[in-house]
Each structure stands twice: as structure tokens, then as C-alpha cells.
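Below are questions about how certain labels are assigned in this model, each followed by the reasoning.

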Amino acid sequence: LQASIVSMIFNGDDLSGAMWKAWTHVADPGTHANTEGTSGRIIAFCTTIGGMLVFALMIGVISDSIGEKVDDLKQGKSKVIETDHTLILGWNEKGLAILRQL
């Protein structure tokens, strides 16, 4: 949004066009190659760098949260549903007879 406002001020774009340009610079850094004018190129460059930083931050946060969840599962900290279950330890040929009685 900030890049859109700066683009509106320096390049005279309308809000929707400026937001679209900002999104394309964030999502695809190669789109600023055909930007004309010094101010437009500076805005495109800053928007692209800012977008890469934001995406890197998001990937880092998501990766950390997934890593923490995996570590919790490895340590046995997952939720165990303890109701309405039957657990048979030491399965052998008598297990089928026990299941029939249940």
C-alpha cells in the first residue's frame, strides 16, 4: 500500500493501477525491467526488495511454526484421545476372539 501511494504521488497513477503495479513488483521481481523514469525505477526497486523481505519473513515464520509442531510430535506432546477406544496389547491368536466379544 505504501508503494502504491508513493507511485501515485511520483508517477501520477490512480490507486488501482498503482496497487496493481506494486503487487506485480512484489510477486514477480522481473516486472520492473520495463519501468521507465528514474523515480519509477527507484520505486520499483524498493518495492521489489521490500516484497522479497516480506516473503522471506513469512517463509521463516511458517517454517519455524512447522518445525516447532514437528518437534512437539517427536517429543510425544500431541493430543491423545482417550475416550471410546479399546487398546489390546500383546496381539496374538486370541485377539480375534476378544474382538468378537467386544
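Q: Which helix holds Trp-23?
A: In this predicted model, Trp-23 belongs to helix 2.

Q: Why does Trp-23 count as partly exposed?
A: The relative accessibility of Trp-23 is 47%. Buried means under 20% and exposed means over 50%, with partly exposed in between. The value for Trp-23 falls in between, so this residue is partly exposed.

Q: How far apart are Trp-23 and Gly-51 in sequence and in space?
A: Their separation is 28 residues along the sequence, while the C-alpha to C-alpha distance is 8.7 Å.

Q: What makes Trp-23 eligible for a nonpolar patch on the surface?
A: Patch residues need over 30% relative accessible area and no salt bridge, and Trp is on the list of nonpolar side chains. With 47% relative accessibility, Trp-23 passes the area cut-off, so it can be part of the patch. The other members are Trp-20, Val-54, Phe-55, Met-58, Ile-62, Ile-66 and Val-70. Together the patch has about 810 Å² of accessible area.

Q: Which elements give two or more residues to the nonpolar patch?
A: These are helix 2, spanning 15-27, and helix 3. Helix 3 supplies the largest share, six residues.

Q: Why is Val-70 called partly exposed?
A: Val-70, a residue of helix 3, has a relative accessible area of 38%. That figure lies between the 20% and 50% limits, so the label is partly exposed. It is also over the 30% needed for a patch, and Val-70 is indeed listed in the nonpolar one.

Q: Why is Glu-68 called exposed?
A: The relative accessible area of Glu-68 is 54%. Exposed means over 50%, so Glu-68 meets the definition. This residue, too, lies in helix 3, which covers residues 38-74.

Q: What makes the patch that holds Glu-68 negative?
A: Glu-68 gathers on the surface with Asp-64, Asp-71 and Asp-72. Asp and Glu count as negative, so the charge of the patch is negative.

Q: How do you know that the chain pattern is α-α-α-α?
A: The protein chain has four helices and zero strands. Read along the sequence, that gives α-α-α-α.

Q: How many of the residues are buried, as a percentage?
A: Of the 102 residues in the protein chain, 16% are buried. Buried means under 20% relative accessible area, so that share of the residues falls below this limit.

Q: What share of the exposed area comes from carbon and sulfur atoms?
A: The protein chain exposes about 8,400 Å², and carbon and sulfur atoms supply 63% of it.

Key
Residues numbered from 1 in each chain as written. Predicted model: local features only at pLDDT ≥ 70, side-chain atom pairs only at ≥ 80, totals over all residues. Heavy atoms only, no water. Patch = residues over 30% accessible without salt bridge, like charges linked within 9 Å, V, L, I, M, F, W, Y side chains within 5 Å. Areas by Shrake-Rupley, 256 points an atom, 1.4 Å probe, with all protein chains shown as cover. Salt bridge = Lys/Arg side-chain N within 4 Å of Asp/Glu carboxyl O. Charge placed at Lys NZ, Arg CZ, Asp CG, Glu CD. Buried < 20%, exposed > 50% of the residue type's maximum accessible area, 1.4 Å probe, protein only.
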